[in-house]
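Thank you all for coming; I would like to walk through one model with you this morning. Please have the sequence and the structure open while I talk.

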Amino acid sequence: MPDIRKQSRTYLDYAATTPVHPEVIDRMVACYSATFGNPSSSHQYGQEADNLVEEARQSVAAHFNARAEDVIFTSGGTEADNLAIRGTAAGAQRSGKTAHILYTAVEHHAVSVTCEQLHIAGVETERVPVGADGIVDPDEIRQRIRQNTVLVTVIFANNEIGSINPVGEIGRICRERGVLFHSDAVQAAAHLPINMDKESIDLLSIGAHKFYGPKGVGALIWRGNSILVPQITGGRQENDLRAGTSNVPGIVGMAAALERLTEGMGAESRRLAQLRDKLIETIPATITDCVLTGSKNHRLPNHASFAFRNLEANRMLAALDMAGFACSSGSACKTGDPQPSEILLAMGYAREYASGSLRITVGSATTEADVDRLVQDLPVIVRRLRGY
Ligand SMILES: *Cc1c(COP(=O)(O)O)cnc(C)c1O
């Protein structure tokens, strides 16, 4: 039995958020004190802050092979998704169209709930099904593009099951048909090199706190080839596309976090993938009625996710927490709200599995010893909870 009095805790929830890297914090602290000016001010205090924001803009753009003027800083991934979808729908409406928008069954709530709400408001939004591995078949998109389709939105890599979608292929289809392509890359940006040009992505959402940057800052990178109507109105910041005084420390921190990522991406991804593979190989092999969810071959290098038959996710998370492991069910399900995962249901899982999801995501501080302890303790915890 794992010792529940164990003092040390192990964080295995990097898909929920990541600790801010110390170098990033240093860069941010300077913006709270030395360079505290408002970048919209014309005096030197303002211009110094503005210079930092514009340097960050160049750096973020270069990382995704976009132009500096394409970067719209936002309050995070959620706002970037909202701006991409609502902004495009409003743009289409201005030109007198009844917009049709395609989104998939594995989108983050920032996309799916936004599309559902637009549907109520009269926009034609349509949910595209996914395969049993949670991956979107590009043909399913191709078949559904209509004359009034203005936007296709596909999550780059899913937060709950880690599956990576064939965005390059979907991008090409959209480009051929003259439809805008948005991808929520909030999870993917931490692990995969993303080239907006090569993947034919018109709008890309990122959020800094998923890649060792601060919370409350993100960006929508937009190639400027469509009408985008701002969703937050006021001042003229961000090229008139997102009003509000710039979050200078956040923006500088996000750029610094991305720069660090570029340096270490390949080697760190390989290290994480080894830890992931140990989880994926050991857990279903040592626990009965437990399956890997998502794709085995096309998944984020740090992401392992499972479904346990007849085992309520929240009970499992609480028991793991007591044993010193911080994991997630992967969905927005909170204590007292034992809803089965919508995404697992959409992938065809029965309720008895979809209510028992577990997501283990590794990251910078995870060691092989952490993974070894988890794979040793988890079968004991599951047996105790199930009573068999
Ligand atoms: C975390 C996440 C978001 C939301 O980003 P925030 O910056 O937390 O608002 C959107 N999409 C995906 C895939 C995410 O993982």
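Let me begin with a question about pairing: which residue in β8 is the bridge partner of V71? That partner is I221, and I should say at once that we are looking at a predicted model, so everything I quote is computed from predicted coordinates.

Staying with that pair, V71 belongs to strand β2, residues 71-74, which pairs with β8 in the antiparallel sense over four bridges. Within this pairing T74 stands opposite G218 of β8. On its other partner, β8 is joined by five bridges to strand β7, residues 203-207, and these two strands also run antiparallel. There, L204 stands opposite I221, so that I221 is the residue in β8 facing both V71 and L204, which follows from the bridge assignments.

What about burial? Five of the five residues of β8, residues 218-222, are buried, and the strand is therefore largely enclosed by the rest of the structure. In a regular strand the side chains alternate between the two faces of the sheet. In β8 both faces are covered, with G218, L220 and W222 buried on one side and A219 and I221 buried on the other. The picture for β2 is a similar one, since V71 and F73 on one side and I72 and T74 on the other are all buried.

Now to the ligand. Which residues surround the ligand? They are G76, G77, T78, D81, H108, I155, N159, D184, V186, Q187, H209 and K210, and by class this shell has two nonpolar, seven polar and three charged residues. For those of you who think in terms of individual contacts, an oxygen atom of the ligand is 2.6 Å from an N or O atom in the side chain of T78, while a nitrogen atom of the ligand is 2.6 Å from an N or O atom in the side chain of D184. A polar side-chain atom of K210, in turn, lies 2.7 Å from an oxygen atom of the ligand. Taken alone, the ligand exposes 390 Å², of which the protein buries 87%.

Which helix gives the most to this shell? It is α3, residues 77-94, with three residues. Of the 18 residues of α3, 14 are buried, so this helix is largely enclosed by the rest of the structure. Its length can be checked as well: at 1.5 Å a residue, the 18 residues should span 26 Å, and the end C-alpha atoms are 25 Å apart, which agrees. Just after α3, G96 takes a positive phi of about 80 degrees.

Let me finish with two residues elsewhere in the chain. H191 lies in the loop between β6 and β7, and at 11% relative accessibility H191 counts as buried, because the cut-off is under 20%. The side chain of H191 is joined to that of N302 by a polar contact of 3.3 Å. D377, for its part, lies in helix α12, residues 368-386, and D377 also counts as buried, at 12% relative accessibility. The C-alpha atoms of D377 and F181 are separated by 44 Å, the two residues being 196 residues apart along the chain.

Definitions and conventions. Residues are numbered from 1 along each chain as its sequence is written. This is a predicted model: local features need pLDDT of at least 70, side-chain atom pairs count only at pLDDT 80 or more; totals for chains, interfaces and linings use all residues. Side-chain values use heavy atoms; hydrogens and water are left out. A residue is near a molecule or strand if one of its heavy atoms lies within 4 Å of it. A polar contact is a pair of N or O atoms within 3.5 Å; within protein, one must be able to donate a hydrogen and the other to accept it, and residues adjacent in sequence count only if both atoms are side-chain atoms. Accessible areas come from the Shrake-Rupley method with a 1.4 Å probe; for residues, only the protein chains shown count as cover. Ala, Val, Leu, Ile, Met, Phe, Trp, Tyr, Cys and Pro count as nonpolar, Asp, Glu, Lys and Arg as charged, and the others, Gly among them, as polar. Buried means under 20% relative accessible area, exposed over 50%, partly exposed in between (1.4 Å probe, protein chains only). The expected span of a helix is 1.5 Å times one less than its number of residues.
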